[in-house]
Amino acid sequence: MCDGRSLECIESCPAVQYERKLFDILAKSLARSTWKIQVAVLDCLHAFLERLCIGTVANSERCQEILFQLMPLITTCLGNMRYAAVRGAAINVLEVFLPRLMENDEYSGRCLTGNHWKELLNHMEEMVKSEPQMALRQRVSGLIAHAVRYR
């Protein structure tokens, strides 16, 4: 019998299955698209992550899955020095997702470790040094400061 709180019950919920499928489609389409499509997909990811309920224990595993898939993609988008729109949309995604994770010690300890996180943080620090647009540079600096405060 499903009590509504067990991980198995939550994982079998149609909404969670749909959420997982939608994220997978967005992640796959982000990796192999033109810059305009990347911006549109990043905007969709932004909306998706705003609506995603991160703060529950059952979502911890899903949060880790999403982060591990998302970090390399976001790192790639931040490194796209040809299109500021892609970098800006990637920063929008980070501004939604990372602060919500970092405010909860349990999730930040689980999710914000490992090579993907270190690579993303290093890339963000490099972006601060090399970003030609001041507004994007300031936004990334704010994210780094937020990350350092919670780590």
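Select helix α3 to begin: its 17 residues reach 24 Å from the first C-alpha to the last, close to the 24 Å expected at 1.5 Å a residue. Bear in mind throughout that this is a predicted model, in which α3 covers residues 35-51.

Keep α3 selected and colour its buried residues, which are Q38, V39, V41, L42, L45, F48 and L49. As you look along the helix, recall that an α-helix has 3.6 residues a turn, so residues three or four places apart point the same way.

Next, pick Q38 within α3. Is this residue buried or exposed? Q38 counts as buried because its relative accessibility is 12%, which falls under the 20% limit for that class. Show the residues around Q38 and, once its neighbours within four places in sequence are left aside, you will find it in contact with L30, S33, N80 and V86. If you then draw a distance from the C-alpha of Q38 to the C-alpha of R87, the viewer should give 9.9 Å, although the two residues are 49 apart in sequence.

Move along the same helix to C44, which also lies in α3. At 41% relative accessibility C44 counts as partly exposed, whereas Q38, as seen above, is buried. From the C-alpha of C44, draw a second distance to the C-alpha of F23, a residue 21 positions away along the chain, and the separation comes to 9.6 Å.

F23 leads on to the next stop, since it is one of the residues that line the largest cavity. Select the full lining, namely E19, R20, F23, D24, F48, R62, E65, I66 and Q69, and note that F48 is also among the buried residues of α3. Which helices each supply at least two residues of this lining? They are α2, spanning 14-31, and α4, spanning 60-78. The space inside the largest cavity is about 60 Å³, and a search of the whole structure finds 2 cavities of 30 Å³ or more.

Now select helix α5, residues 84-102, whose 19 residues reach 26 Å from first C-alpha to last, close to the 27 Å expected at 1.5 Å a residue. Centre the view on L94, where α5 has a kink of about 25 degrees. Because 14 of its 19 residues are buried, α5 is largely enclosed by the rest of the structure, and you may wish to hide and restore the surrounding helices in turn while looking at it.

Finally, show the whole protein, which has 8 helices and 0 strands, running α-α-α-α-α-α-α-α from the N terminus on. Of its 151 residues, 42% count as buried. Among contacts in the protein with a separation of 6 or more, 68% are between residues 24 or more positions apart. With the surface switched on, the accessible area comes to about 8,200 Å², and 56% of that belongs to carbon and sulfur atoms.

Key:
Residues numbered from 1 in each chain as written. Predicted model: local features only at pLDDT ≥ 70, side-chain atom pairs only at ≥ 80, totals over all residues. Heavy atoms only, no water. Helix = DSSP H or I, 4+ residues; strand = E, 2+ residues; numbered from the N terminus. Buried < 20%, exposed > 50% of the residue type's maximum accessible area, 1.4 Å probe, protein only. Contact = heavy atoms within 4.5 Å. Areas by Shrake-Rupley, 256 points an atom, 1.4 Å probe, with all protein chains shown as cover. Expected span 1.5 Å × (residues − 1). Bend = angle between axes of the 7 residues up to and from the residue. 1 Å grid on protein atoms, 1.4 Å probe; cavity = no way out; pocket = protein on both sides within 12 Å on 5 of 7 lines; lining within 4 Å. Points joined across faces, edges and corners; volume = space filled by probe spheres on them.
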